[in-house]
Amino acid sequence: MENHPTRAVVLESNCPKYAPGDAIVFEGAFVDKNKSGELCMVALSAIYPFLYAARRGGSVKDGPVQCPDCGECVKFRLERLD
């Protein structure tokens with residue numbers, strides 16, 4: 001089965017831990033800690049289903065994916081790195 005590297009890039013943020021341009025890079029099922037910024041479990045819960053599909057060869061979600069935390073909303077763009 002294919003295993004494409006993927007990335008979530010911050011587009012907009014009201015969270016003090018994320019700024020536009022920050023990224024989380026995934027190599028398979030793991031976060032590449034050397035290439036990634038902070039990893040929020042709430043944000044991860046929102047982007048995980050789309051990243052999983054993309055790394056398995058599915059299409060990348062067109063449009064932003066938003067963290068469900070209303071007070072510190074972060075919007076991510078998802079992309080495959082191949």
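Is Arg-77 buried, partly exposed or exposed? In this model, which I should say at once is a predicted one, Arg-77 is partly exposed, with a relative accessible area of 36%, and I would like to begin with the charged residues around it before turning to the core.

Arg-77 forms a salt bridge with Glu-79, with the closest N and O atoms 3.0 Å apart, and Glu-79 also meets the side chain of Arg-7 in a salt bridge, at 2.4 Å from N to O, so that Arg-7, Arg-77 and Glu-79 are linked in a network. Glu-79 is itself buried, because its relative accessible area is 18% and the cut-off for buried is under 20%, whereas Arg-7, at 28%, counts as partly exposed.

The pairing of Arg-7 with Glu-79 links distant parts of the chain, since Arg-7 sits in strand E1 and Glu-79 in strand E5, 72 residues apart. A salt bridge between Glu-12 and Lys-75, with closest N and O atoms 4.0 Å apart, also joins strand E1 to strand E5, and so ties together parts that are 63 residues apart in sequence. The structure holds 4 salt bridges.

Let me now move to the core. The largest nonpolar core has 16 residues, and those that touch the most other members are Tyr-18, Phe-26, Ile-47, Val-74, Phe-76 and Leu-78. Strands E1, E2 and E5 and helix H1 each supply at least two of its residues, with the largest share, 5 residues, coming from H1. Leaving aside residues up to four places away in sequence, the contacts of Tyr-18 include Val-10, Ile-24, Leu-39, Val-74 and Phe-76.

How values were computed:
Residues are numbered from 1 along each chain as its sequence is written. This is a predicted model: local features need pLDDT of at least 70, side-chain atom pairs count only at pLDDT 80 or more; totals for chains, interfaces and linings use all residues. Side-chain values use heavy atoms; hydrogens and water are left out. A nonpolar core is a set of buried Ala, Val, Leu, Ile, Met, Phe, Trp, Tyr and Cys residues joined through side-chain atoms within 4.5 Å. Buried means under 20% relative accessible area, exposed over 50%, partly exposed in between (1.4 Å probe, protein chains only). Helices (H or I, at least four residues) and strands (E, at least two) are DSSP runs, numbered from the N terminus. Contact means heavy atoms within 4.5 Å.
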